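You asked for a colleague's reading of this entry before it goes further. My notes are set out below as numbered points.

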Amino acid sequence: MTLKEAQDNIGVEVMYIPYIGCPKSQIEFGLITSVNDKYVFVNFAPRTMGRGEACRPEDLKLAQRR
């Protein structure tokens, strides 16, 4: 994901993938809360209790849960 894509999708669910090929148990889902010039902030409720946690945009993908 790019910073522009993240900015255009504030409030949308994303998947945080810490590294390519990681176990599915390490993938987290959250909502984009904001974006700055370097990071995308994602709310991984309840762990982050409504606050966005800084993530690198390249570690995020739009969620498409089925």
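The points go from the overall fold to the strand pairing and then to two single residues.

1. Please keep in mind throughout that this is a predicted model, and that every value quoted here is computed from its coordinates. The secondary structure comes to one helix and five strands, and the order of these elements, read from the N terminus, is α-β-β-β-β-β.

2. On overall dimensions, the C-alpha trace spans about 30 × 25 × 20 Å along its principal axes. The radius of gyration is 11 Å, which agrees with the value near 11 Å that a compact globule of 66 residues would have. Of the 66 residues, 29% count as buried, and among the contacts with a separation of 6 or more, 38% are made by residues 24 or more positions apart.

3. As for the surface, the protein exposes about 4600 Å², and carbon and sulfur atoms supply 54% of that area. The charged side chains number 9 positive and 8 negative, with the centres of the two sets lying 5 Å apart.

4. The strand pairing can be followed from one strand to the next, beginning with E1 and E2, which run antiparallel and are joined by four bridges. Strand E2, residues 28-35, pairs in turn with strand E3, residues 40-43, again in the antiparallel sense and over four bridges. The connection from E2 to E3 is a hairpin through four residues. E3 also pairs with strand E4, residues 53-55, in the antiparallel sense, here over three bridges.

5. Individual bridge partners show how these pairings share residues. Leu31 in E2 is the bridge partner of Glu13, and Leu31 also stands opposite Asn43 in E3. In a similar way, Val40 in E3 has Val35 opposite it, while Val40 also stands opposite Cys55 in E4.

6. Which residue of strand E3 deserves a closer look for burial? I would choose Val40, which is found in that strand and is buried, because its relative accessible area is 0% and the cut-off for burial is under 20%. Leaving aside neighbours within four places in sequence, Val40 is in contact with Leu3, Ala6, Ile32, Ser34, Val35, Glu53, Ala54, Cys55, Pro57 and Leu60. Both of the bridge partners named above for Val40, Val35 and Cys55, therefore appear in that contact list as well. For a distance check, Val40 and Asp59 are 19 residues apart in sequence and 9.7 Å apart in space, C-alpha to C-alpha.

7. Where does Asn9 sit, and is this residue buried or exposed? Its place is in the loop between helix H1, residues 3-8, and strand E1, residues 13-16. Asn9 counts as buried because its relative accessibility is 18%, and the cut-off is under 20%. Beyond its neighbours within four places in sequence, Asn9 is in contact with Ile32 and Leu62. Ile32 is also among the contacts of Val40, so a reader who inspects these two buried residues, Asn9 and Val40, will come upon Ile32 in both contact lists.

Conventions
Residues are numbered from 1 along each chain as its sequence is written. This is a predicted model: local features need pLDDT of at least 70, side-chain atom pairs count only at pLDDT 80 or more; totals for chains, interfaces and linings use all residues. Side-chain values use heavy atoms; hydrogens and water are left out. Helices (H or I, at least four residues) and strands (E, at least two) are DSSP runs, numbered from the N terminus. Buried means under 20% relative accessible area, exposed over 50%, partly exposed in between (1.4 Å probe, protein chains only). Contact means heavy atoms within 4.5 Å. Two strands pair if DSSP finds at least two bridges between them. The radius of gyration is taken over C-alpha atoms; the globule rule is 2.2 Å times the number of residues to the power 0.38. Accessible areas come from the Shrake-Rupley method with a 1.4 Å probe; for residues, only the protein chains shown count as cover. Lys and Arg count as positive and Asp and Glu as negative; His and the chain ends are not counted. The place of a charge is taken as NZ of Lys, CZ of Arg, CG of Asp or CD of Glu.
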